Amino acid sequence: MVLILITYDVNTETAEGRARLRKVAKQCVNYGQRVQNSVFECIMDSGKCREVKHILEQIIDEDKDSLRFYYLGNNYANKVEHIGAKKSFDMEGPLIV
């Protein structure tokens, strides 16, 4: 399992673009934690990464939108520094509902 940062920029000038934005965000929520409006931290293996990448590629319009995947690896705790509001939670820790 490694940390992958998924970022996206979806053109929202049209109703179709706004719909794509909602679909991309909804899929990203299924795989990780939103840390900025269009930025998600996801802990996943390579198979899960291929899965989400395929799903997102089917949603976006490559002529108008963009996706970026940053592979931070499994030693990510030393690579991420957070300052300010919205403290993140431990994605590998226990989930209490």
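Two strands count as paired here if DSSP finds at least two bridges between them. Keep that in mind as we walk through this model, which is a predicted one. Strand E2, residues 33–36, clears that bar with E3: the two run antiparallel over three bridges. Within this pairing, Gln33 sits opposite Glu41 in E3. Getting from E2 to E3 takes a hairpin of two residues.

Now for the inside. The largest nonpolar core holds 18 residues, and Ile6, Tyr8, Val24, Leu56 and Phe69 have the most contacts inside it. Strand E1 (2–9), helix H1 (15–29), strand E3 (39–44), helix H2 (46–59) and strand E4 (66–73) each put in at least two residues. H2 gives the largest share, with four. Tyr8 is a good place to zoom in: leaving out residues up to four places away in sequence, Tyr8 touches Leu21, Val24, Ala25, Cys28, Arg34, Asn37, Ser38, Phe40, Ser66 and Leu67.

Let's take H2 next. A quick sanity check on its geometry: with 14 residues at 1.5 Å a residue, H2 should span 20 Å, and its end C-alpha atoms are indeed 20 Å apart, so expectation and model agree. Which residues of H2 are buried? They are Cys49, Val52, Leu56 and Ile59. Look down the helix axis and the buried residues of H2 fall within an arc of 85°, so they line one face of the helix. The spacing fits a familiar rule: an α-helix has 3.6 residues a turn, so residues three or four places apart point the same way. What covers the buried residues of H2 includes E1, H1, E3 and E4. Swing round to the other side of H2 and you find Ser46, Arg50 and Gln58 exposed. The N-terminal end of H2 has a cap, too: Asp45 places a side-chain oxygen 3.2 Å from the backbone nitrogen of Gly47.

One last stop is Asp65, in the loop between H2 and E4. Is this acidic residue buried or exposed? Its relative accessibility is 7%, and the cut-off for buried is under 20%, so Asp65 counts as buried. What does the side chain of Asp65 have for polar company? A polar contact of 2.6 Å links it to the side chain of Arg20, and one of its polar atoms lies 2.8 Å from the backbone nitrogen of Asn11. Setting aside residues up to four places away in sequence, Asp65 touches Asp9, Val10, Asn11, Arg20 and Ile60.

Key:
Residues numbered from 1 in each chain as written. Predicted model: local features only at pLDDT ≥ 70, side-chain atom pairs only at ≥ 80, totals over all residues. Heavy atoms only, no water. Core = buried A, V, L, I, M, F, W, Y, C linked by side-chain atoms within 4.5 Å. Buried < 20%, exposed > 50% of the residue type's maximum accessible area, 1.4 Å probe, protein only. Contact = heavy atoms within 4.5 Å. Expected span 1.5 Å × (residues − 1). Arc of directions from axis to C-beta. Polar contact = N/O pair within 3.5 Å; in protein donor to acceptor, adjacent residues only side chain to side chain.
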